[in-house]
Amino acid sequence: MVTTILDIKNAIEITKRLLDGKQVILGSKIWDNIYKIQLEALEKKLANPVVESEHEGLTYYHCPNCEYPMSINEPTPEFTANYCNNCGQALDWRDKND
Ligand SMILES: [Zn+2]
């Protein structure tokens with residue numbers, strides 16, 4: 001199942017209604033979709049180590065979730081973002097700055 005912006009907006013709206021104590025009656029497939037979206041969002045909040053790879057003498061650093069390129073060669077402060085610009089994954093650079 002592909003998550004769309006509409007799926008996410010619906011999940012947010014239903015979650016808000018639940019938090020407000022409003023009754024929500026939905027089919028199990030919609031609940032599965034909401035739990036999947038919530039799980040993906042929660043997992044992205046936990047910082048995961050940036051992935052390092054070598055190519056033609058250069059060191060590349062990628063997002064561990066979507067492989068978006070984050071930095072090349074030495075990770076400098078301006079290129080060590082706390083979150084991936086592409087997917088929102090929290091990033092852990094700790095062992096890359098030694
Ligand atoms: Zn990413």
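Two residues are taken to be in contact when their C-beta atoms, placed from the backbone, lie within 7 Å of each other. In this predicted model, residues 24 or more positions apart account for 34% of the contacts in the protein chain that have a separation of 6 or more.

**Figure 1. Overall view of the protein chain, with domain 1 and domain 2.** The predicted model is divided into domain 1, residues 5-45, and domain 2, residues 48-96. The C-alpha centres of domain 1 and domain 2 are separated by 30 Å. Along the principal axes, the C-alpha trace spans about 55 × 25 × 15 Å. The radius of gyration of the protein chain is 18 Å, whereas a compact globule of 98 residues would have a value near 13 Å. Of the 98 residues, 10% are buried. The chain contains 2 helices and 5 strands, and their pattern along the sequence is α-α-β-β-β-β-β.

**Figure 2. Close-up of the crossing of helix α1 and helix α2.** Two packed helices are described by the angle between their axes and by the distance between those axes. Helix α1 comprises residues 5-19 and helix α2 comprises residues 28-45. Their axes come within 10 Å and cross at roughly 95 degrees. Angles from 65 to 115 degrees count as roughly perpendicular, and α1 and α2 are therefore roughly perpendicular to each other. On the α1 side of the contact are Asp7, Ile8, Ala11 and Ile14. These residues meet Asn33, Ile34, Ile37 and Gln38 of α2.

**Figure 3. Close-up of the open sheet with strand order β2-β3-β4.** The sheet has 3 strands, and their pairing is antiparallel. Strands β2 (51-55) and β4 (69-72) are the edge strands, each pairing on one side only. Neighbouring strands of this sheet are turned against each other by 30 degrees on average, direction ignored. Between β2 and β3 (residues 58-62), the antiparallel pairing extends over 5 bridges. β3 and β4 also pair in the antiparallel sense, over 3 bridges. In a regular strand, the side chains alternate between the two faces of the sheet.

**Figure 4. Close-up of the β2-β3 hairpin and the loop residue Glu56.** Along the paired strands, Glu52 stands opposite Tyr61 of β3, and the bridge partner of Ser53 in β3 is Tyr60. The hairpin has 2 residues between the strands. Glu56 belongs to the loop that lies between β2 and β3. The phi of Glu56 is near 50 degrees, which is a positive value in a residue other than glycine. Because Glu56 has 4 C-beta neighbours inside 10 Å and a residue with 12 or fewer counts as exposed, Glu56 is classed as exposed.

**Figure 5. Close-up of the β3-β4 hairpin and the turn residue Glu67.** Strands β3 and β4 form a hairpin with 6 residues between them. The bridge partner of His62 in β4 is Pro69. Glu67 is located in the loop between β3 and β4. Although Glu67 is not a glycine, its phi is positive, at about 70 degrees. With 14 C-beta neighbours inside 10 Å, Glu67 counts as partly exposed.

**Figure 6. Close-up of the surroundings of Val50, a buried residue.** Val50 is placed in the loop between β1 (48-49) and β2. It has 23 other C-beta atoms within 10 Å; the threshold for burial is 20 or more, so Val50 is buried. Leaving aside neighbours within four places in sequence, the contacts of Val50 include Tyr61, His62, Pro64 and Met70. Leu91, Asp92, Trp93 and Lys96 are also among the contacts of Val50. Val50 and Lys96 are 46 residues apart in sequence, and their C-alpha atoms are 8.1 Å apart in space.

Definitions and conventions:
Residues numbered from 1 in each chain as written. Predicted model: local features only at pLDDT ≥ 70, side-chain atom pairs only at ≥ 80, totals over all residues. Domains from an automatic or database assignment. Helix = DSSP H or I, 4+ residues; strand = E, 2+ residues; numbered from the N terminus. Rg over C-alpha atoms; globule rule 2.2 N^0.38 Å. Pairing = 2+ DSSP bridges. Axes fitted to C-alpha atoms, helices over the stretch in contact; angles between N-to-C directions. Parallel < 35°, antiparallel > 145°, perpendicular 65-115°, else oblique.
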